[in-house]
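Visitor: Please take a close look at a single part of this model and describe it together with its surroundings. I would like the account to be connected rather than a list.

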Amino acid sequence: VFRGAIGPGIDADRLRRVVVERYGAAVTPGRSQEVAAVVEEELQRIGYLEARATARLEQGPTTSVLLFDVVPGARAQIASRRQLAALARTSAPQTS
């Protein structure tokens with residue numbers, strides 16, 4: 001379950017699919033921090049460069065649920081393709 005995963009381009013179902021593809025449907029609590037890092041990486045991939053996710057286990061009488069509290073932060077945006085091209089030129093490795 002993802003809490004706080006709200007913002008343009010954020011799809012909680014996609015986050016869930018990414019987790020299930022890597023770890024299966026039943027993630028063990030011991031891997032919760034690793035999974036939280038994957039959630040952060042996925043959010044960073046879509047522009048939420050300062051995204052943070054923390055995991056916690058909520059235990060009920062018969063089942064346990066791994067919850068992810070997500071703070072996406074501000075989404076980075078490129079104002080134009082020209083800016084993107086200029087950024088690519090300045091960040092490309094220089095060859096002599």
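Guide: What follows concerns helix α2 and the parts of the chain around it.

The model is predicted, so local features are reported only at pLDDT of at least 70 and side-chain atom pairs only at pLDDT 80 or more, whereas totals for chains, interfaces and linings use all residues. Residues are numbered from 1 along each chain as its sequence is written, and side-chain values use heavy atoms, with hydrogens and water left out.

The setting comes first. The chain holds three helices and three strands (DSSP runs numbered from the N terminus, helices being H or I of at least four residues and strands E of at least two). Along the sequence these elements follow the pattern β-α-α-β-β-α. Of the 96 residues, 27% are buried (under 20% relative accessible area with a 1.4 Å probe and protein chains only; exposed means over 50%, and partly exposed lies in between). Of the contacts (heavy atoms within 4.5 Å) between residues at least 6 apart in sequence, 48% join residues at least 24 apart.

Helix α2 covers residues 32-45. Its 14 residues reach 20 Å from the first C-alpha to the last, close to the 20 Å expected at 1.5 Å a residue (the expected span is 1.5 Å times one less than the number of residues). The buried residues of α2 are Ser32, Val35, Ala36, Val38, Val39, Glu40, Glu42 and Leu43. These buried residues pack against β1, α1, β2 and β3.

Two of the buried residues of α2 merit individual attention. Ser32 has a relative accessibility of 10% and therefore counts as buried. A polar atom of the Ser32 side chain lies 2.9 Å from the backbone oxygen of Pro29, which is a polar contact (a pair of N or O atoms within 3.5 Å; within protein, one must be able to donate a hydrogen and the other to accept it, and residues adjacent in sequence count only if both atoms are side-chain atoms). Setting aside residues up to four places away in sequence, Ser32 touches Ala55, Leu66 and Phe68. Glu42 is likewise in α2, and because its relative accessible area is 10%, Glu42 is buried. Beyond its neighbours within four places in sequence, Glu42 is in contact with Arg14, Leu15 and Val18.

Leu15 and Val18 lead to the partner helix, since both are among the buried residues of α1, together with Val19 and Tyr23. Seen down the axis of α1, these buried residues fall within an arc of 100° and so line one face of the helix (the arc is that of the directions from the helix axis to the C-beta atoms). They pack against β1 (2-3) and α2. Helix α1 (residues 12-23) has twelve residues and spans 16 Å between its end C-alpha atoms, close to the 16 Å expected. At the N-terminal end of α1, Asp11 acts as a cap, with a side-chain oxygen 3.0 Å from the backbone nitrogen of Asp13. Just after α1, Gly24 takes a positive phi of about 90°.

Strand β3 (residues 64-71) is another neighbour, and Leu67 belongs to it. Leu67 has a relative accessible area of 2% and is therefore buried. Although Leu67 and Ser32 are 35 residues apart along the chain, their C-alpha atoms are separated by 9.1 Å. Leaving out residues up to four places away in sequence, Leu67 touches Val1, Arg3, Thr54, Ala55, Arg56 and Glu58.

After α2 comes Gly47, whose phi is positive, near 110°. Glu50 then lies in the loop between α2 and β2 (52-59). With a relative accessible area of 62%, Glu50 is exposed. Its C-alpha is 8.3 Å from that of Glu40, ten residues away in sequence. Residues up to four places away apart, Glu50 touches Val71 and Pro72.

Finally, the largest pocket holds about 280 Å³ of space. Of the 14 residues lining it, the closest to its centre are Val1, Ala25, Val27, Leu66 and Phe68. The elements giving two or more residues to this lining are α1 and β3, and β3 gives the most, with four. A pocket here is an open set of points on a 1 Å grid over the protein atoms alone where a 1.4 Å probe fits, with protein on both sides within 12 Å along at least five of seven lines; lining residues have an atom within 4 Å of a point. Grid points are joined across faces, edges and corners, and the volume is the space filled by probe spheres set on them.
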